[in-house]
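Here are some notes for anyone opening this structure for the first time. Have the sequence and the 3D view side by side as you read.

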Amino acid sequence: MCFVLYAGTATPMSRNEWRNDGPDLSVTSLTERESPISAHFSLPEVQCVGSTSQCGCDFPHVMFQNGDWPWFEAADEDEIDRQQKANDQYNREGLVALLRQSGDSVVELYGVWDGRFDFKTPPAAREHIHLESILDPAFRFKEQVFYMVRLR
């Protein structure tokens, strides 16, 4: 099971398959199994955006549990691995750059935990954010929250 992030845009984003020999962000078309998720988007193009882990697990996120998004802070910042911080930042910056390339003024993002989620289930919540919010080290995608992201 993995966290998976979907992006809705006005025009298709350039496709970029994930490569095992050079892990980076990827953009792929929806599979037939994933296609029902498109019903939640108002923008016509929906694609899957992968992180450096191929799925979306390297995008900072929190899982939806018992009707809420529990957030556990490390008691000591030194406990958070420096490599993990660098990886989080790389994925945040890569996602922001990718979304800017869309040329849209608004992009829709929706993250779910694949393997325990029915793609037809409507979002648990909706939020409006500015693109720069994603760069904040405290930002986490909340599973099953539909984001309207303002790019301008």
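The points below go through one helix, its surroundings, the cores and a few strands.

1. A word before anything else: this is a predicted model, so please read each point with that in mind.

2. Start with helix H1, residues 82-101. Its 20 residues, at 1.5 Å a residue, should span 28 Å, and the end C-alpha atoms sit 29 Å apart, which agrees.

3. Now look at which parts of H1 are covered. The buried residues are Asn87, Asp88, Asn91, Arg92, Leu95, Val96, Leu98 and Leu99. Viewed down the helix axis, these buried residues fall within an arc of 165°, so they line one face of H1. That fits the usual pattern: an α-helix has 3.6 residues a turn, so residues three or four places apart point the same way.

4. Turn to the other side. On the face of H1 directed away from the buried side you will find Arg82, Gln83 and Gln101, which are exposed. After the helix comes Gly103, with a positive phi near 80°.

5. What lies over the buried residues of H1? The cover includes five strands: S1 (2-9), S2 (26-29), S3 (45-50), S5 (106-114) and S7 (141-142).

6. The largest nonpolar core has 24 residues, and the members touching the most others are Leu95, Leu99, Leu109, Ile134, Phe141 and Tyr147. At least two residues of this core come from each of S1, H1, S5 and strand S8 (145-150). H1 is the top contributor, giving 4 residues.

7. Ile134 is a good residue to click on. Leaving aside residues up to four places away in sequence, Ile134 touches Arg92, Leu95, Val96, Leu99, Leu109, Ile129, Phe139 and Phe141. Don't stop there, though: a second, separate core holds 11 residues, among them Val4, Ile37, Phe41 and Phe146.

8. Finally, S3. Is this strand mostly covered or mostly open? Mostly covered, as 5 of its 6 residues are buried. S3 runs antiparallel to S1, and 5 bridges join the two; one pair to look up is Leu5 with its bridge partner Val49 in S3. S3 also pairs with S2, again in the antiparallel sense, over 4 bridges. There, Ser26 stands opposite Gly50 of S3.

Conventions:
Residues numbered from 1 in each chain as written. Predicted model: local features only at pLDDT ≥ 70, side-chain atom pairs only at ≥ 80, totals over all residues. Heavy atoms only, no water. Expected span 1.5 Å × (residues − 1). Buried < 20%, exposed > 50% of the residue type's maximum accessible area, 1.4 Å probe, protein only. Arc of directions from axis to C-beta. Contact = heavy atoms within 4.5 Å. Core = buried A, V, L, I, M, F, W, Y, C linked by side-chain atoms within 4.5 Å. Pairing = 2+ DSSP bridges.
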